[in-house]
Amino acid sequence: MKKLLLVLVFALSAPTAFACSAVSPEFGFVHQFDKNQDGQLSRAEFIKIKQADDYKLNFKVNKRAFNRLDDNKDGQLSSDELADKVDYVRHPCADWEEAMAKMLAEERANRIEVYKSDGSRQCAGAGIEPQTMVKELDGIAIYGSRKDQLDRMYPSVCGGGTGSVNVFTIDKADLEKATNLGFEIFEK
């Protein structure tokens, strides 16, 4: 629990980000068991560690390990001295990553792609760009737009269709509005 609070404190004090930024496992380990909060583990603090369930340690917690880990022999263990010797059992960002994946999947499930011909004709040049056509979807939230091609064959004749379309990602709830405006479901 203390580890989670530490991660949350650091996450909330940082500028808004789009990813979880957990503290290093060795820093979290030292912080969790550092009773006098001097940023290091004394021999007494280290020896008192009975359970470190949230961490995988590549050493046993005993006096011999403390002496071996204390590289500078100052009687304190810093997070630098524990680098690559401590890891998380379950990474603190795992829940965040799972929640984000679930949210994105739900978002995708509630959205649909619709299209409309961009009006381009063979021998006549390009059609309407998506940025221009977006005005036709006035009042409908658009989450993405692009040019694409329909999977159909078109006879080669000047003035004939090209299959070039503008595709828009919208909420499924707005599908009826979009179809009333002449858009169709885009399936490839």
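This passage describes the nonpolar cores, one well-covered helix and the disulfide of a predicted model.

We may start with the interior. The largest nonpolar core is made up of 17 residues, and those with the most contacts inside it are Phe29, Leu41, Phe46, Phe59 and Leu82. At least two residues of this core come from each of helix 2 (25–33), helix 4 (63–69) and strand 4 (86–88). Phe46 offers a convenient viewpoint on the surroundings: beyond its neighbours within four places in sequence, Phe46 is in contact with Leu41, Phe59, Lys60, Val61, Asn62, Ala65, Phe66, Leu69 and Leu77. Another core, of 10 residues, lies apart from the largest one, and its members include Val114, Phe168, Ile170 and Phe183.

Helix 2 deserves a look of its own. This helix is mostly covered, with seven of its nine residues buried. The buried set consists of Pro25, Glu26, Gly28, Phe29, Val30, Gln32 and Phe33. Phe29 thus appears twice, as a buried residue of helix 2 and among the residues with the most contacts inside the largest core.

Turning to the covalent cross-link, the model contains one disulfide. It joins Cys123 and Cys158, whose sulfur atoms lie 2.0 Å apart. The two cysteines are 35 residues apart and link distant parts of the chain: Cys123 sits in the loop between strand 5 (111–117) and helix 6 (130–133), while Cys158 belongs to the loop between strand 6 (142–149) and strand 7 (164–171). Because the torsion about the S-S bond of Cys123 and Cys158 is about -65°, the disulfide is left-handed. In contrast to the buried residues of helix 2, Cys123 and Cys158 are both exposed.

Note on methods
Residues numbered from 1 in each chain as written. Predicted model: local features only at pLDDT ≥ 70, side-chain atom pairs only at ≥ 80, totals over all residues. Heavy atoms only, no water. Disulfide = S-S within 2.5 Å. Helix = DSSP H or I, 4+ residues; strand = E, 2+ residues; numbered from the N terminus. Buried < 20%, exposed > 50% of the residue type's maximum accessible area, 1.4 Å probe, protein only. Core = buried A, V, L, I, M, F, W, Y, C linked by side-chain atoms within 4.5 Å. Contact = heavy atoms within 4.5 Å.
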